[in-house]
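Me: I am new to this structure and would like to learn how to read it. Could you take me through it one feature at a time?
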Amino acid sequence: MQVQTHVDINSEWGIVAARQAGRKLAREIGFGSVDQARITTAISELARNIYLYANQGQIKIEEVADSNKRGMKIIASDEGPGIRDVRRVMEDGFTTSGGLGAGLPGVKRLMDEFDIDSELDSGTVITAVKWLR
Amino acid sequence: MRIPILKLHDYLLISVQVDLDDQTALQFQEDVLEKIHEEGSRGVVIDLTSVEMIDSFIAKVLGDVVDMSNLMGARVVLTGIQPAVAITLIDMGIALDEVPTALDLEQGLERLQLELEG
Ligand SMILES: Nc1ncnc2c1ncn2[C@@H]1O[C@H](COP(=O)(O)OP(=O)(O)OP(=O)(O)O)[C@@H](O)[C@H]1O
Ligand SMILES: [Mg+2]
């Protein structure tokens with residue numbers, strides 16, 4: 001059975017709800033405690049970015065499988081302002097909000113696959129996958 | 001939600017037992033500074049044994065608490081960071097390398113005592 005859940009992000013509570021749902025699914029899929037922490041942290045970063053920069057959006061989490069491996073996918077989507085320079089936001093320390101600028105480059109390192117699809121004035125979809133080892 | 005802050009002689013002891021949402025984290029920052037001021041505390045131990053996740057926002061809040069407390073004249077030691085949390089922070093590129101740490105509350109207190117009493 002493939003599990004899929006989504007959490008609406010439109011307040012700070014959505015960030016907490018998304019990472020709790022993420023930890024629960026990661027545990028159910030069979031990830032160990034370190035990967036559970038990585039996945040939960042990645043979800044927290046993506047959810048906070050949605051809340052901060054797009055006001056609202058959605059985090060979808062699901063179990064994924066291909067022929068020889070299983071894992072978990074996070075899809076963070078919003079219809080916010082979009083990202084002008086995708087390369088720039090992937091630099092450690094780049095921030096437009098006085099943060100650490102650690103979020104997106106961090107998520108990329110925490111997860112196994114990472115992709116940003118963003119269009120100015122129409123929104124951003126970030127997809128990340130962690131495979132079970 | 002408020003995180004309880006205990007006073008022990010010149011020190012403050014705080015054990016974070018909840019999944020920190022942003023509001024609670026910021027309230028916590030303010031409460032620690034207020035309490036240092038009120039009590040004239042010289043040292044603070046923040047125990048993170050029960051914390052299962054530290055993201056960039058919470059890391060920034062913790063780092064800021066350390067810097068702000070230093071400005072006020074109090075030393076802060078973070079204790080009990082879980083292995084999974086330490087690994088995740090390093091993956092994220094957040095080293096918190098100027099922040100004093102110790103394995104547990106007891107060693108945190110010892111470290112404060114050493115630093116303060118020399
Ligand atoms: N969903 C989004 N929509 C629009 N812009 C975004 C989105 N997510 C990130 N950004 C932009 O990318 C920049 C970098 O994001 P990143 O998460 O790496 O750092 P940060 O949020 O600024 O700080 P930190 O995450 O360390 O607290 C942000 O400052 C913001 O300008
Ligand atoms: Mg961010």
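Me: What does the radius of gyration of chain A agree with?
Reply: This is a predicted model. The general idea is to compare the chain with a compact globule of equal length, using C-alpha atoms. For 133 residues such a globule would have a radius of gyration near 14 Å, and chain A has 14 Å, so the two agree. Along the principal axes, the C-alpha atoms of chain A fill a box of roughly 40 × 25 × 25 Å.

Me: How many helices and strands are there in chain A, and in which pattern?
Reply: Chain A has 4 helices and 5 strands. Along the sequence they follow the pattern β-α-α-β-β-α-α-β-β.

Me: Where does ligand 1 lie?
Reply: Ligand 1 lies between chains A and B, and the space it takes is the largest pocket. In chain A, helix H2 (33-54) and helix H4 (103-110) are the elements that give two or more residues to the shell around ligand 1.

Me: Which residues come nearest to ligand 1?
Reply: There are 20 residues around ligand 1, and Tyr53(A), Thr95(A), Thr96(A), Ala102(A) and Leu104(A) come nearest. By class, the shell has 8 nonpolar, 10 polar and 2 charged residues.

Me: How do I read its polar contacts?
Reply: Look for pairs of N or O atoms within 3.5 Å. The side chain of Tyr53(A) has an N or O atom 2.6 Å from an oxygen atom of ligand 1. For the side chain of Thr96(A), the distance from such an atom to a ligand 1 oxygen is 2.6 Å. Gly103(A) places a backbone N or O atom 3.4 Å from an oxygen atom of ligand 1.

Me: How much of ligand 1 does the protein bury?
Reply: Taken alone, ligand 1 exposes 600 Å², and the protein buries 94% of that.

Methods:
Residues are numbered from 1 along each chain as its sequence is written. Chains are lettered from A and ligands numbered from 1 in the order in which they are written. This is a predicted model: local features need pLDDT of at least 70, side-chain atom pairs count only at pLDDT 80 or more; totals for chains, interfaces and linings use all residues. Side-chain values use heavy atoms; hydrogens and water are left out. A residue is near a molecule or strand if one of its heavy atoms lies within 4 Å of it. A polar contact is a pair of N or O atoms within 3.5 Å; within protein, one must be able to donate a hydrogen and the other to accept it, and residues adjacent in sequence count only if both atoms are side-chain atoms. Accessible areas come from the Shrake-Rupley method with a 1.4 Å probe; for residues, only the protein chains shown count as cover. On a 1 Å grid over the protein atoms alone, a cavity is a set of points where a 1.4 Å probe fits but cannot get out, and a pocket is an open set with protein on both sides within 12 Å along at least five of seven lines; lining residues have an atom within 4 Å of a point. A molecule sits in a cavity or pocket if more than half of its atoms lie within 2 Å of its grid points. Ala, Val, Leu, Ile, Met, Phe, Trp, Tyr, Cys and Pro count as nonpolar, Asp, Glu, Lys and Arg as charged, and the others, Gly among them, as polar. The radius of gyration is taken over C-alpha atoms; the globule rule is 2.2 Å times the number of residues to the power 0.38.
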